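Here is a short set of exercises to work through with the structure open beside you. Try each task before you read its solution.

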Amino acid sequence: MATPHVAGAAALLAQQHPGWKAQQLKDALISTSRTVPGAHLVQQGAGRVDLAAAGGPVTATGTVRLPALRAGDTKGQQQAATLRYTNTGDRAVTLNLHLRLAAQGGRAPADGVVSLGARSVRVGPGATVTVPLRTDAARAVRGRYYGTVTATTAGGAVAAHTTVFLDVRGKEHRLTVVTRDRDGKVVPGALPNIWGPDGLVDYTDRDAAVAVVEGGTYFVEGVLTYAGEDGEEARELLAPEVKVTKDTTVTLNAADTTELKIATPRPAEQSGVISTQWYRQIDGLRRLHGNLYFDTFKRIHVTPTAQVTDGTFEFTSRWQMTAPQLKAEVTGTAQDLAPYYEAYSPVFGDKGARLAVVGAGTSAAPDFGGSRGKAAVVECDDEYESGGLVKSAAAAGAAALLLVMPEGRQAWTRWQPNGDRLEVPTMRVTHTRGAALLKRAAGHRTTVEFSGTVRSPYLYDIMHVSKGAVPKKLVHTVSERESAVVRATYTRTGATTWGSEQRFGWRPYQDYAWLQHSRHVPLGQERVEYVTGGDTLWRHVVHHNAVDNPDRELGVGMMDIAHTFRPGRKATERWFAGPVRPSIPRGAPQASVRHGDTLSVYVPEFTDSVAGHAAAAETAGWDGVGDTARATLHRDGRLVAHSDLGAWGATEVAPGKADYRLDLRTTRVFDDWRFGTTTNTSWTFRSDTTARPEKLPLLQVDYAVPVDAHNAVGPAPRHGVGLTIRMQDGMAAPRGVTVKVETSYDDGTTWSDAHTAGKGDGRFTAGIERPTRVHGDAYVTLRVTATDDHGNRIRQTVDRAYLHRGTAGEH
C-alpha cells in the first residue's frame, strides 16, 4: 500500500513545485519524512511521508550510500559524499547538523570513521548549500552501519534528515570446516552451514569444505544422523562462536557430543515429534534454525559449547512425553522387547496381561497350532502382510500376535486411535529382540508381561532451554518447581473417545511457534500436565475429535490466549465444558467496535466455560460435513447486511443514531458433536456515528454449569447454573440487568421458567429442575434473555447445552 500513497504525494508535490526534477521530489519526500519511534532504519527506511513538510521550506539530500570501506585501510580521510540543503522560504535559516550511525545491534563506528565537514550551516532564502561527508577506514571495524544526518533549527525542531548507509568490509581469510562422525572419522562431502554477519556463507571450495570469509564472528553447525534397529539417532554439531582473524580451521566432531536427556518424575517416553532449534544474534543480525525429528528418533546428542562472548545464543529442544504406551518384559529376565503396537491394533487394558509365548513359524509359512490363549510369535520377511497373519492368529485363538521384523529393519510404527481394529493385539519387535525371545521360548516355557497405557494420565510438555552455551551435562529435569502443573479436562463431546491437541510453545525472540505437530488426547478424563515455566509463550489448541493426519500443525480447534506459566504454578484447564456457544470471550484479541459508520464485529462461533477459549466454525471437508454460521444485521428493523461466514468482519452502515439487532445462528451436527448442536443468539443495541473507535454495547452471557468430563450434570432432580452478564473487556459493567432463564428437556418443544436470583455485579444463579415426566438421561436446552437499563439485550438459545443424568437404571 505504500506505493500508491508515495506516488500520489509525489504528484501533489510536483504540482506545488513544477520546476523540480525527479531527484528533488524524491529528496524532499525522504528528507522530511517522519521517523517512527522505536523502529530501526532497516524496518522503516526513512520513515513516513509528511507531504506538508515536503513542500518546504527546508529540504535536504534524501539518502546517501557511502562508498564501502575496507577495515584498517590507511588511505586517510576521503570525501565520500556531498549533502545538499535547500531553503525555498523567504527567510534565512541556520541548521545544526548531527550525525548518528550504528550497526543493527547498536554498535557505533569509532570516532572519525564518518565525519561532517561542518557542524552547522546558514542557508539563505532560495539558496542551496553543500556539506561534505568524509570517511576514514583506519579505525573502521567490519559491519553494516545505518543512521542519519539530522538538521535541526535553532529551537531544536527537526527540519530535515538524510538517511546514511555505510558498509565496512573486513580482511578475507580461509575458513576450513572438518566434520567427524561419532567414531572420530572424517565425513567426506560434509558441508555444515556457516552463518555470519552477512547471513549464510557459500563454500568457495566444496570439495575441501573451504569458505573465504571476512574477519568476524561466525556460527558453524550441522547434523549427522544414524539408523539402527532400535531407532534413529541425531548428532547436532555446533560451533556457535568461531572468531576468524586469520586462516582458521574448525572441527565439528560427533564423538564429542553429549546426549540430551529428559528426567521426569514418573516413567515417560517421547510421544510424537521432537524438535530442536538454535537462535543466534551477532551485531544485531538474527538467525533462527530448527530441526524436526519424527518418532523414529530415540536419541539426540548435541555438542557442548563455551559461553558466547559476541552477541547472544540459545539452544532449545521441545519434548512431549507421556506414560509408556507399551512395555513387554520377559518374565524372570531383564529382557525388554520394546514392542510397538500396529497402527490399528486393539490394546491391552491398563492392567496389562501376562501371556505365554509360542513360536508360530514365518510370515511365508505360519503355523498357529498351539497358540490358543498365547502370544504367537511370527518371523517376518520383507514381503509380509500383517492383515492375513492377524486373521489366522485370531482364528486359531491366539491372545496376541508378535511380528518379528526382518533383520536391520526398525520395529517402529505409530498407533492410531481411530479406525477399525484388528482382531487381536498385534505388535512389532526388532529382529534381534524377537530372535532372542524365540530362542528362549524354544528351550522352556516363556511368558511375557505386557503393560502400559495409550490413555496416559499425565503429560510432560517441555521446552528445554540452554542460554549462552550448551553445557557438558545436558539434562533437563522436570519438577513441580520448574514447571506449572496443569490439571486439564478434555470433555467428551460425542461418540468419539479421542481428540487432538497441541500446546504450541515459542521463545521470546520468535513471532510464532513452529516444528510442533498435533497429538492425540483421550477424551472424557482429566490429565495432569507439567508445562515448562518461565519466559516461554504457550498457546493450547484442542479439537473435539482426532484429526486424520497428526503429522502437521493443528490448524483447527478451540484455543486459549497465548501466555506464559509461572514456575511452580498450579492451574486447571477445561475444554468444551458446556454450554458451548457464540460469545466475545474475556481477553479477546479483537474488540467489536464502531468507528465512524463502520461496525467491526468479531464474535467467535464456539466458546466454552473458560475465559479466553474460542474457536471458529469449520468449513466442510471432503466428506461434506461442516459447521454453519449465518449472521444478519438489522438497522431500525431493516436488514442491512448478512453473512454466511458468521458475525466476523466490517460493515458500513448509515450515519446517525439507530437501533441495531445482530442475529447469529450456528449449527454443528454430527456424531462427534452432540452438545450445542444449534445456537441462536440475538443482540439488540443502540449505536451512533463515532469520531474514534468505540466498543459496541453487546451484552455477553458467561455460564457456570457443574458438568463432568462428559458434559453432564448428576442425577439429582435439581441443580444450579451460574450466569454472569457483562460487556466486552474495557467497558463499564451493565447496570440494572434483568435475566430470564428457560429450559427445555424435549429439544425446544416445551419450555419451563427457571427461578433466578441476583448475586450482584452482574452475577445470577438459576435453579434448573428436571420435569417429573423425564426419568432417563436428557439433554437440557437453555434459553437466556438479559436486558440492561440502556435497553441493550441478548437472547441466546443453546440446543442440547449439556446432559442431565437420569437416576440409576433409567439411562
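**Exercise 1: A ring pair and its surroundings**

Tyr460 and Tyr530 are both buried. Bear in mind throughout that this is a predicted model.

Task: Find how the rings of Tyr460 and Tyr530 are placed relative to each other.

Solution. Start with the distance: the two ring centres are 5.1 Å apart. Next take the angle between the planes, which is 45 degrees, so the pair is tilted. Finally, place the partners on the chain. Tyr460 belongs to strand S32 (residues 458–467), while Tyr530 belongs to strand S37 (residues 525–532). The pair thus links distant parts of the chain, 70 residues apart.

**Exercise 2: The wider set of rings**

Task: Say how many aromatic pairs a search of the whole structure finds, then describe the pair of Tyr146 and Phe165.

Solution. The search gives 15 aromatic pairs. In the pair of Tyr146 and Phe165, the centres lie 5.1 Å apart and the planes meet at 45 degrees, which is a tilted arrangement. Tyr146 sits in strand S9 (residues 143–152) and Phe165 in strand S10 (residues 158–169), 19 residues apart. Now check accessibility. Tyr146 has 21% relative accessibility and so counts as partly exposed. Phe165, at 13%, counts as buried. The dividing value here is 20%. To finish, look for the cluster that ring pairs build from Phe219, Trp278 and Phe313.

**Exercise 3: Around Gln502**

Task: Decide whether Gln502 is buried or exposed, and find the polar partners of its side chain.

Solution. First locate Gln502: its place is in strand S35 (residues 498–506). Its relative accessible area is 0%, so Gln502 is buried. Then look for polar atoms. A polar atom of the Gln502 side chain lies 2.2 Å from the backbone oxygen of His517. The Gln502 side chain also makes a polar contact with the side chain of Arg519, at 3.4 Å. Last, widen the view to residues more than four places away in sequence: Gln502 touches, among others, Arg318, Gln320, Arg539, His540, Val541 and Leu554.

**Exercise 4: Salt bridges**

Task: Find which parts of the chain the salt bridge between Arg503 and Glu529 ties together.

Solution. Begin with the total, which comes to 46 salt bridges. In the one between the side chains of Arg503 and Glu529, the N to O distance is 2.7 Å. Arg503 lies in strand S35 and Glu529 in strand S37, so this bridge ties together parts that are 26 residues apart in sequence. Both Arg503 and Glu529 are buried.

For a second example, turn to Arg726 and Asp702, whose closest N and O atoms are 2.6 Å apart in a salt bridge. Arg726 is in strand S51 (residues 718–726) and Asp702 in strand S49 (residues 700–704), so the parts tied together are 24 residues apart. Arg726 counts as buried because its relative accessibility is 4%. Now return to the earlier example: salt bridges with shared partners join Arg503 and Glu529 into one network with Arg318, Asp461, Glu501, Arg519, Arg527 and Glu573.

**Exercise 5: The nonpolar core**

Task: State how many residues the largest nonpolar core has, and which have the most contacts inside it.

Solution. The largest core has 46 residues. Those with the most contacts inside it are Leu723, Ile725, Val739, Val741, Ile768, Leu782 and Tyr802. Its largest share, five residues, comes from strand S55 (residues 778–787). Apart from this core lies another, of 30 residues, including Val58, Val123, Val131 and Val164. Then take Tyr802 as a case: its contacts include Phe675, Val705, Ile768 and Leu782.

**Exercise 6: Backbone exceptions**

Task: Find where the aspartates with a positive phi, Asp747 and Asp761, are placed.

Solution. Recall that most residues other than glycine have a negative phi. Asp747 has a positive phi of about 60 degrees and is found in the loop between strand S52 (738–744) and strand S53 (752–760). With 43% relative accessibility, Asp747 counts as partly exposed. Asp761 also has a positive phi of about 60 degrees, and it is found in the loop between S53 and strand S54 (763–769). Asp761 is exposed, at 74% relative accessible area.

Definitions and conventions
Residues are numbered from 1 along each chain as its sequence is written. This is a predicted model: local features need pLDDT of at least 70, side-chain atom pairs count only at pLDDT 80 or more; totals for chains, interfaces and linings use all residues. Side-chain values use heavy atoms; hydrogens and water are left out. A nonpolar core is a set of buried Ala, Val, Leu, Ile, Met, Phe, Trp, Tyr and Cys residues joined through side-chain atoms within 4.5 Å. Buried means under 20% relative accessible area, exposed over 50%, partly exposed in between (1.4 Å probe, protein chains only). Helices (H or I, at least four residues) and strands (E, at least two) are DSSP runs, numbered from the N terminus. Contact means heavy atoms within 4.5 Å. A polar contact is a pair of N or O atoms within 3.5 Å; within protein, one must be able to donate a hydrogen and the other to accept it, and residues adjacent in sequence count only if both atoms are side-chain atoms. Rings of Phe, Tyr and Trp (its six-membered ring) pair if their centres lie within 6.5 Å; planes under 30 degrees apart count as stacked, over 60 as edge-to-face and the rest as tilted. A salt bridge is a side-chain nitrogen of Lys or Arg within 4 Å of a carboxyl oxygen of Asp or Glu.
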